[in-house]
Amino acid sequence: MENKKESHSSTAERGFSSRTVEANRHEFYLVGAVLEPEAYVEWFDMIRNAGPEDEIVIRINSPGGYMSTALQFMRCMAESEATITCSAEGERMSAATIVFLAGHRLEISPTICLRISASLS
């Protein structure tokens, strides 16, 4: 996690104003199987409660896993005020692809593999 604090001076004769902005950068590594939702409660809380000046990066290299976890990631990411970047680093399959596609910004390495599996019943 990286903390940023910006401070700018304000001068009336220059015709601008400024503000102090505090931001955090949170990086998560979704590697290996996507586990059951309770394994990610701290992640969900941090993502959901991040502010508009914060940045979240989710680096993904996963064969997939629990769809219920992917759906909760999607909900938390949709509710977050932060800018969320999902970075494809290796394979993203099934549930991991769903998390990847929920990002606000997507980064794709040249050696990625994406797959979504669905069954109709």
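In the predicted model, Cys-86 has its bridge partner in strand 5, at Leu-106. This bridge belongs to the pairing of strand 4 (residues 83–93) with strand 5 (residues 105–108). The two strands run in the parallel sense and share four bridges. Helix 3 (residues 95–101) completes the arrangement: strand 4, helix 3 and strand 5 form a β-α-β unit. The unit is right-handed.

Ser-94 occupies the loop between strand 4 and helix 3. Its phi angle is near 50°. This value is positive, although Ser-94 is not a glycine. The relative accessible area of Ser-94 is 19%. Ser-94 therefore counts as buried, as the cut-off is under 20%.

The unit is part of a chain with three helices and six strands. Along the sequence, these elements follow the order β-β-α-β-α-β-α-β-β. The protein chain has 121 residues, of which 38% are buried. Contacts were also examined by sequence separation, for pairs 6 or more positions apart. Of these contacts, 61% join residues 24 or more positions apart. The accessible surface of the protein chain is about 7,400 Å². Carbon and sulfur atoms contribute 50% of that surface.

Six salt bridges were found in a search of the whole structure. Several of the residues involved form a network: Arg-25, Glu-27, Glu-55, Arg-59 and Glu-89 are linked by salt bridges. The pairs within this network are described in turn.

Glu-55 and Arg-25 meet through their side chains, with an N to O distance of 3.1 Å. Glu-55 lies in strand 3 (residues 55–62), and Arg-25 lies in strand 2 (residues 21–31). The salt bridge therefore ties together parts of the chain that are 30 residues apart in sequence. Both Glu-55 and Arg-25 are buried.

Arg-59 forms a salt bridge with Glu-27. The closest N and O atoms of this pair are 3.4 Å apart. Arg-59 belongs to strand 3 and Glu-27 to strand 2, so the pair ties together parts 32 residues apart in sequence. The burial of the two partners was also assessed. Arg-59 has a relative accessible area of 16% and is therefore buried. Glu-27, at 33% relative accessibility, is partly exposed.

Arg-59 also forms a salt bridge with Glu-89. Here the closest N and O atoms are 2.9 Å apart. This pair links distant parts of the chain, with Arg-59 in strand 3 and Glu-89 in strand 4. The two residues are 30 positions apart. Glu-89 has a relative accessibility of 31%, so Glu-89 counts as partly exposed. Arg-59 thus has salt-bridge partners in Glu-27 and Glu-89. Strand 4, which carries Glu-89, is the strand that pairs with strand 5.

A nonpolar patch was found on the surface. Met-67, Leu-71 and Met-74 make this patch, which covers about 250 Å². Leu-71 is located in helix 2 (residues 67–79). The relative accessibility of Leu-71 is 47%, so Leu-71 counts as partly exposed.

Key: Residues numbered from 1 in each chain as written. Predicted model: local features only at pLDDT ≥ 70, side-chain atom pairs only at ≥ 80, totals over all residues. Heavy atoms only, no water. Buried < 20%, exposed > 50% of the residue type's maximum accessible area, 1.4 Å probe, protein only. Contact = heavy atoms within 4.5 Å. Areas by Shrake-Rupley, 256 points an atom, 1.4 Å probe, with all protein chains shown as cover. Patch = residues over 30% accessible without salt bridge, like charges linked within 9 Å, V, L, I, M, F, W, Y side chains within 5 Å. Salt bridge = Lys/Arg side-chain N within 4 Å of Asp/Glu carboxyl O. Pairing = 2+ DSSP bridges. Right-handed = clockwise from strand over helix to strand, strands pointing away.
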